[in-house]
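Hi everyone, thanks for coming. Let's have the structure up on the screen, and then I'll walk you through some of its charged side chains.

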Amino acid sequence: MQTAEFLIEIGQYYLMAGGVVAALFLVIGIDRIEPSSRGSYAFRPLLIPGICLIWPLVIYRWVVLEKHGEARR
Amino acid sequence: MSVQYTPVIWNRNKIFYDAVLLIAVALYLYIFIRVGPMFEDVTKPIDGAILRMRAFGSCAFLMLTVILCIGPLARLDRRFLPLLYNRRHFGVMTAGIAAVHANYVLTWYFNFSPTDRYVALLSSNTNYGQLLGFPFEALGIAALIVLFVLAATSHDFWLSFLGAPIWKALHMSIYAAYAFVVLHVALGALQGPADPIFTSVVAASVVLVCGLHFATGRMEARRERGEQTAKASLQEAGWVVAGELEEIDDDCAKVVTLTEDERVAIFKYDGKLSAITNACAHQNGPLGEGKVLWGCITCPWHGYQYNLADGRAPEPFTEKISTYRLKLIGSTVLLDPNPQPPGTYVEPVEIGEAA
């Protein structure tokens, strides 16, 4: 029971952290690193579940694209 | 240059694809839930919720099976290519159907527990050390998480943002999801009262997925061997490997140095490849850096133009340059280093599927 509760709690914190990353990325990051998203807003909510699920990878790619730009796409 | 993202790209073909898919899913669920009970053992009636749970679960399993068959089928026979066309909508729908199945499980088996139902789901059976009675629910959860990740990252944005290698590696986890689902079914539903139809369908699905992948793998290995042989015999005849097709951008050239004085520009344009000398007949300008327009290359130095197929300047001009023969083996471009006399027509190589 305790392990299950612990796992569920970790999952909840993981998704909450993903929510914060999603908010920051969709408001600040996406326009900086993805030219095709500039001026396009309707598709952004669709990205929220994906960012919540793989936010460590999102942060990694965000940092890489900020540093190296199009060359690392 | 870029195109702005939209939430979902739909066109006539995609709407048709999705409509057929929806109708097929609805029909399957209807038959399973409405017609299925007519054939059940009256001494062991199944609750409505369990029936719906099985209907959605088996539907997700079959959809995943079909999704995994589409790739190899399209490689074995081009007539299956239309199925590949909108596979991502198929995948998203599969994740949705699997989620409905999971929701039925949660609301049927764990709804009235004083414990949180997610905690109850994870803690009700923890016999991970044994095969019979294995907590197969965990395998279903693992598969569902993978399906969610794949569905949530199916938008074009993700391919561009993550880059093709990462995106592709991520989406290859569909095979892990399928393995989880097969084990989930094998250690779960198949452990119940023997149902020959259900067992046969599961076994046939697994054999079909594995068999198609094996057949495609063999076909591609055979094709690769054939390509290697063709490449080796051409190289023996003096042809040189000029590079891979993907190295050449559309309407651009790759310049290959044969000797210090001899460079060849290989152009990719209109789905074709042509090779000409890199030196303009006027003042040896670098033609490989020129612009392709209407099948002609314009020298960046003084604007002299040549047809890429025959190396002749358009009339009324009379300049001619050497052309070269090319061959495309798989995605490798091979070049005959012997120049054709200036102005000789050389049939452009059609890129076709390899592009």
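A:Asp31 counts as partly exposed, because its relative accessibility is 23% and buried would mean under 20%. Who is its partner? A:Asp31 forms a salt bridge with A:Arg44, at 2.7 Å from N to O. A:Arg44 sits in helix H2 (residues 44-53) of chain A and A:Asp31 in helix H1 (residues 2-33), so the pair ties together parts 13 residues apart in sequence. A:Arg44, for its part, is buried, with a relative accessible area of 7%. Please keep in mind that this is a predicted model.

How many salt bridges are there over all chains? The structure holds 7, so let me show you two from chain B.

In one of them, the closest N and O atoms of B:Asp156 and B:Arg88 are 3.0 Å apart. B:Asp156 belongs to helix H7 (residues 156-162) and B:Arg88 to helix H4 (residues 87-109), so this pair ties together parts that are 68 residues apart in sequence. B:Asp156 is partly exposed at 31%, and B:Arg88 is partly exposed at 36%.

Next, B:Asp336 and B:Arg325 meet at 2.7 Å, N to O. Both lie in loops, 11 residues apart. Buried or exposed, what is B:Asp336? B:Asp336 is buried, at 5% relative accessibility, whereas B:Arg325 is partly exposed at 37%.

Finally, have a look at the surface of chain B. B:Asp249, B:Asp250, B:Asp251 and B:Asp270 form a negative patch there. Among them, B:Asp251 is in the loop between strand E1 (240-244) and strand E2 (252-257), and B:Asp251 is partly exposed at 37%.

Methods
Residues numbered from 1 in each chain as written. Chains lettered and ligands numbered in written order. Predicted model: local features only at pLDDT ≥ 70, side-chain atom pairs only at ≥ 80, totals over all residues. Heavy atoms only, no water. Patch = residues over 30% accessible without salt bridge, like charges linked within 9 Å, V, L, I, M, F, W, Y side chains within 5 Å. Areas by Shrake-Rupley, 256 points an atom, 1.4 Å probe, with all protein chains shown as cover. Salt bridge = Lys/Arg side-chain N within 4 Å of Asp/Glu carboxyl O. Lys, Arg positive; Asp, Glu negative; His and termini not counted. Charge placed at Lys NZ, Arg CZ, Asp CG, Glu CD. Helix = DSSP H or I, 4+ residues; strand = E, 2+ residues; numbered from the N terminus. Buried < 20%, exposed > 50% of the residue type's maximum accessible area, 1.4 Å probe, protein only.
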